[in-house]
Every structure is written in structure tokens, then in C-alpha cells.
Amino acid sequence: MSIAIREVVVDIMNGNAAMIWAGKPSSATVVRRFLEFDGVGQKIATMAANTLVRDFRIPVSDRYSIDISVDVQVRRVFARMGFVSENASAELIIYRARDLHPEYPGIFDLTLWELGRTVCLPTRPRCEKCRWSELCAYAEEVGADT
Ligand code: SF4
């Protein structure tokens, strides 16, 4: 999650915008309410909904519509792990995450983003330090110990 998204959510919360999550809504309702803000697209709306649910523990009736938010980190790690091809579109990545975990596709978001920022680096992934190396196609191919 980017700092900017977190700040947006905090601003909204401080602005008493609790109507966004009033009444334990479905995740689709929360995402749709974010989409009603000017300039907010699908990626920002799902990131904001994910932040509310994951970080602020806002109660929702389901998590089905909280998708993965595709960025460069998520894309790289998801591809290296073998879930999608290197050139997969954002839509394909979103649907792959839905396929893997339909109850909460966005559950992968923060883990992949942090991996991409810390160990699954663009040019030299540090597979020997990665807790997911035993599940990773790239690590299996090149050898995680190398
Ligand atoms: S094992 Fe290596 S390539 Fe796979 S996710 Fe971890 S750091 Fe990335």
C-alpha cells in the first residue's frame, strides 16, 4: 500500500466520511462508493477498500470485490512466482488473483508489494532471503541458493 493511499483513507476518515462503510456493506459497495469520488479509478478504489478492511479493520459483509491492485511490484512478483506470464495485462493479473482466492483476491496485494520492494528486486531477486522461495517458479528454475 502506498503512503498516498493511506493518507487518502485517513483524510476521508477524518472528514467523517464514514458513510463509505456505514452499515457493514458488501465490498462491492465500498469499492463503488470510492469510485464515486472524482479521479478515483478501479486501482485506487480497491486499494482504498483494501486499506480500510486490512489496516483499519472496517467490518464488511464480504471481501469478494476487493481486488489486487496491479503495480510494477505486484506484476513482477506475480509473474516470477509463475502465476501469470511476464507480459500479462492488469486485467489478467486481477482475474488470476480472483481465481486463486475468490473470497478475497486483494489479500495478495500487500505481501506482493512488500516482496517487490525488499527482496524480489527488478534485476537481482534475493531468493535466498525470500520466505516464498519454495513456492516460486523463478526460484525453482534458477535455484534459490544461488
Ligand atoms: S523466491 Fe525469488 S523470485 Fe520468487 S518471489 Fe521470492 S525473491 Fe522473488
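# A walk through an all-helix chain

Let's start with the big picture: the protein has seven helices and zero strands. Reading from the N terminus, the elements go α-α-α-α-α-α-α. Keep in mind that what you're looking at is a predicted model. The protein has 146 residues, and 41% of them are buried.

Now find the ligand. Which residues surround it? They are Arg80, Met81, Val119, Cys120, Cys127, Cys130, Ser133, Cys136, Tyr138 and Ala139. If you sort this shell by character, you get eight nonpolar residues, one polar and one charged. Cysteine and tyrosine count as nonpolar in this sorting. And where does the ligand sit? The space it takes up is the largest cavity.

Stay with that shell for a moment and look at Arg80 and Tyr138, since both belong to the residues around the ligand. Arg80 lies over the face of Tyr138, 5.4 Å from the centre of the ring. You can find another arrangement of this kind at Arg98 and Tyr95: the charged end of Arg98 sits over the Tyr95 ring, at 4.3 Å from its centre.

Rings can also pair up with other rings. A pair of aromatic rings is described by two things, the distance between the centres and the angle between the planes. How many aromatic pairs does the structure hold? It holds three. One of them is made by Phe34 and Phe37, with 6.3 Å from centre to centre and 35 degrees between the planes, and it is a tilted pair. The label follows from the angle, because planes under 30 degrees apart count as stacked, over 60 as edge-to-face, and the rest as tilted.

Are these two phenylalanines buried or exposed? Phe34 has a relative accessibility of 3%, so it counts as buried. Phe37 comes out at 36%, so it counts as partly exposed. The cut-offs behind those words are simple: buried means under 20%, exposed means over 50%, and partly exposed is in between.

Next, turn to Phe78 and Phe108. They form a tilted aromatic pair too, with centres 6.1 Å apart and 50 degrees between the planes. This pair links distant parts of the chain, as the two residues are 30 apart. Phe78 is in helix H4 (residues 72-80), while Phe108 is in the loop between helix H5 (90-100) and helix H6 (109-118). Phe78 has a relative accessible area of 0%, so it is buried. Phe108 has 22%, so it is partly exposed. Phe83 joins in as well: Phe78, Phe83 and Phe108 form one aromatic cluster.

Helix H6 gives you further places where residues far apart in sequence can be compared in space. Take Asp109, which lies in helix H6. What is its burial state? With a relative accessibility of 4%, Asp109 counts as buried, even though aspartate is classed as charged. Asp109 and Gln73 are 36 residues apart in sequence, and their C-alpha atoms are 9.6 Å apart in space. Thr111 also has its place in helix H6. Its relative accessible area is 28%, so Thr111 is partly exposed. Between the C-alpha atoms of Thr111 and Val74 there are 8.8 Å, although the two residues are 37 apart along the chain.

Finally, have a look at the loops. The one between helix H3 (42-55) and H4 holds Ile58. With a relative accessible area of 10%, Ile58 is buried. Follow the chain back and you reach Ala22, 36 residues away in sequence but 9.4 Å away from C-alpha to C-alpha.

Arg57 lies in the loop between H3 and H4 too. Its relative accessible area is 65%, so Arg57 is exposed. Check its backbone as well: Arg57 has a positive phi of about 55 degrees although it is not a glycine. Which other residue shows a positive phi? Lys24 does, with a value near 45 degrees, and it isn't a glycine either. You'll find Lys24 in the loop between helix H1 (3-14) and helix H2 (27-35). Lys24 has a relative accessible area of 52%, so it counts as exposed.

Conventions: Residues are numbered from 1 along each chain as its sequence is written. This is a predicted model: local features need pLDDT of at least 70, side-chain atom pairs count only at pLDDT 80 or more; totals for chains, interfaces and linings use all residues. Side-chain values use heavy atoms; hydrogens and water are left out. A residue is near a molecule or strand if one of its heavy atoms lies within 4 Å of it. On a 1 Å grid over the protein atoms alone, a cavity is a set of points where a 1.4 Å probe fits but cannot get out, and a pocket is an open set with protein on both sides within 12 Å along at least five of seven lines; lining residues have an atom within 4 Å of a point. A molecule sits in a cavity or pocket if more than half of its atoms lie within 2 Å of its grid points. Rings of Phe, Tyr and Trp (its six-membered ring) pair if their centres lie within 6.5 Å; planes under 30 degrees apart count as stacked, over 60 as edge-to-face and the rest as tilted. Buried means under 20% relative accessible area, exposed over 50%, partly exposed in between (1.4 Å probe, protein chains only). Helices (H or I, at least four residues) and strands (E, at least two) are DSSP runs, numbered from the N terminus. A charge sits over a ring if NZ of Lys or CZ of Arg is within 6 Å of the ring centre and within 35 degrees of the ring normal.
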